[in-house]
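This report describes a ligand site and one further residue in a protein model. The structure is shown first, and the description follows.

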Amino acid sequence: MSSLRTRQPRLLFLIGLLVLSFVLTTVLAYQAQVAARSHRDIAERTLRDYAAFSAYEYGVYVKDVLSNEVSSMLFVPADFGDNTSTRPRRMPWASDSGEAHAPCTGERVDSGYFYFRVDMATGEMPLMRGCSSEAVRNWIRDTIPSHVRAYMSKSYWDYMGRVVGRVNGEPRLAAFLVQRDESGQAVSAIGFVTPFRSFAKGVFRAVHKNYPLLPPSLVGKTPNDSLISVYVSDTAGRPLYQSAVTYSSNYMGKAKLPAAYGGMIIHTALRPELAEQRLLIGGLPRSRLPLLLSLVAVSAGLVAVSVQQLRREYELGRLRSDFISSISHELRTPLAQVRMFAETLLLGRVRNEEERHRSLEIIDQEARRLTHLVENVLQFSRSERHLTRLSPEPTEIAGQVSDAIEAFAPIAQARKVSVRAELERGIIAPVDRSALRQTLLNLLDNAVKYGPNAQALTVGMTFEHGLVRLWVDDEGPGIEIAQREKIWDPFYRLDRDANSAVAGSGIGLAVVRELVTQHGGRVWVERSKSGGARFVVELPGASRATAADLSTAAHEVSAESSLL
Ligand code: ADP
C-alpha cells in the first residue's frame, strides 16, 4: 500500500514534467514563429524599399530626359515648316525679328507646338508661331514672368525654365529661355508651349524601357517591364501615364517630381513572384506556421500518449498490488482450513471414524483448491511472459470432461451443488489435457463460487463441422451483456464481486482465454437456460473417433495421474 501512496505523487510529477515539456515546445514554436514573421517583415520591407528606390530612379531619369528633350528643342536653330502641329526640328531663335503673327483660331487653336516671346514687364508677345487659344496665351503671360521671378536666380547660368500647368483642364508644358539685360534683370522669355501629356509620354515610355531602375547587379538582364510597372499621375491624382503592364503587388514605391516638372507623382509596383526571387537572397522566407503547428500538434499527441501510458502503467501497478493482496487472501482461507482439520486429527479430537473421514475430506478438498489456485497463478505468470507451452494430443473429450467433473466433485459437494454432464462420447480433438482440465475446473469453480448453494450445474458438449463446443451452465446471477467482454481481462472482477466476501483475484478467466486461444479456439459467455451464465469453449480440429482411436485414448487416460 505504501508503494501505492508514493506512486501517485510520482505519477503526478511525471505528468507535470510532460505537460511542462509540451508548454516549452509551444513557447519555442511561438518564438520561432515570431522570429520567422519578423524575418519575413524585414524581407517585405526591403522589397518595398526597392520599389521606392525604383520610383525615385524613374523620377531622376524622367527629369534628365525631359530636360534634355526641352533643351535640345530650345537650342536648335530655327527652321519652321508650315506644319507647326508636328514637332519641328528647329526653333525660330536664329533671329528674333520674326513678325508677330495674329493668333490663329478655329480648328487649329492650340497647335501641338506654340512658339512665343513674352515681355517680362508688359506680358506682351511680340513673337508668336503656331496656334494658341486665348487661355494658353493668358497662362503664358501670368505664369512665366511670375515663375521667373519666384524660382529663377539672376545668375548667368539660370536661364532655362520649365513650367507645367493646367489650361482648361489639360496639362501643358512651357519651356523657355530667359533673356536678361546687363544688370541681370529678366527682360523677356522665348520658348514654346505644348500639351504635356503627349510630350512626356514618349519620355515615360523610353525611361521605363531603357533605363536601369534597380541595380543591374541584382536584376541582371531582366527587362524593367518584367519586374516593374509604372503609373504617373499629376498632383491631383489624374493619370498621365500608365505602363503596358500593371502588377498588383504589396511592394509599391512612390516619388514626387519638383514643381518645375509639374509635381508629377510616380508610382511603381514590383512583380511579387519575380521580386521575391531576384531581389532577395534565398527568396522570401516562407511561412513556417503550418510546420510549427503540426510540430506542436505532434508533441501534444506524444504527451497525450505518454500520459496515457503512464496512467496505464500506474493502473497496472495498482492491479498487481491488488492481485497480490487478493491472492494472499484467497490462499489464506484454504490454508487455515487445512491447518485446522490437520490439528484436529493430530490432537485426536475426532469423535468417530465418520468425523475423521470428514476432516480428511476437507483437507483433501482445500488442498485441491490450493493446487488449483497455484496452478492458475503459475499459468497466468507464464502467459504474461509469453511462455505458455502446450502439448496438444488427440484426446477423447468427453472422457476428459468427466474426469474433470469427478475431480471437482468434493468442491461441488461442499456447497451441495450437483453437476450434470450431457456429453457426446467418441469425439476426438487435439488438446493439451492438463490445459483442458484447468479450463474446465476454472469454469466449474466460478460457477460454484458465484452461483447459489445447492444449484444444479450442467456441463454440455456438441460437435459440429470439426468444432467441439463445451459449456458450463450455472444458476447464478449471470453476466450482463456490457460486461461479457471485460470479464476475460486479467484482474477484472465485476463490481458486485470485487467488494464481496467471495475471494477471487480476477485471473481465472484470463487463464481460460489464454489456454483456449493457444488451442486456436474461442471462448465467450452467454445466458444459460436458467438465467445464469453459460461459459462456452470452442475447440477446432475435432473429429468423430474410430474404434481404434477410442481404445488408444482410453488407454492413455487411464495411465495418467490426476493432479486434483
Ligand atoms: P475471480 O473468480 O478470481 O474473481 P475470474 O477471472 O475467474 O476471477 O472471473 C472474473 C469475474 O467474472 C469474477 O470476479 C466474477 O465477477 C465474474 N464471473 C466469473 N464467472 C462467473 C459466473 N459463473 N457467474 C457470475 N459471474 C462470474
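The model is predicted. An oxygen atom of the ligand is 2.8 Å from a polar backbone atom of Ser505. Two further residues, Leu494 and Leu509, each place a backbone N or O atom at a short listed distance from a ligand oxygen atom, 3.1 Å for Leu494 and 2.8 Å for Leu509. Taken alone, the ligand exposes 530 Å², and the protein buries 98% of that area. The ligand sits in the largest cavity.

The backbone distances to ligand oxygen atoms are set out below.

| Residue | Protein atom | Distance to a ligand oxygen atom |
|---|---|---|
| Leu494 | backbone N or O | 3.1 Å |
| Ser505 | polar backbone atom | 2.8 Å |
| Leu509 | backbone N or O | 2.8 Å |

Around the ligand there are 19 residues, of which Asn446, Tyr450, Asp474, Arg493 and Asp497 come nearest. By class, this shell divides into nine nonpolar, five polar and five charged residues. Three helices each supply at least two residues of the shell: α10 (433-450), α11 (495-498) and α12 (508-518). The most comes from α10, which gives four residues.

Apart from the ligand site, Arg10 can be described. Arg10 lies in helix α1, which spans residues 2-75. Is Arg10 buried or exposed? Arg10 counts as exposed because its relative accessibility is 52%, and the cut-off for exposed is over 50%. The C-alpha atom of Arg10 is separated by 9.8 Å from that of Tyr314, a residue 304 residues apart from Arg10 along the chain.

Note on methods: Residues numbered from 1 in each chain as written. Predicted model: local features only at pLDDT ≥ 70, side-chain atom pairs only at ≥ 80, totals over all residues. Heavy atoms only, no water. Near = heavy atom within 4 Å. Polar contact = N/O pair within 3.5 Å; in protein donor to acceptor, adjacent residues only side chain to side chain. Areas by Shrake-Rupley, 256 points an atom, 1.4 Å probe, with all protein chains shown as cover. 1 Å grid on protein atoms, 1.4 Å probe; cavity = no way out; pocket = protein on both sides within 12 Å on 5 of 7 lines; lining within 4 Å. Sits in = over half its atoms within 2 Å of the grid points. Nonpolar A, V, L, I, M, F, W, Y, C, P; charged D, E, K, R; others polar. Buried < 20%, exposed > 50% of the residue type's maximum accessible area, 1.4 Å probe, protein only.
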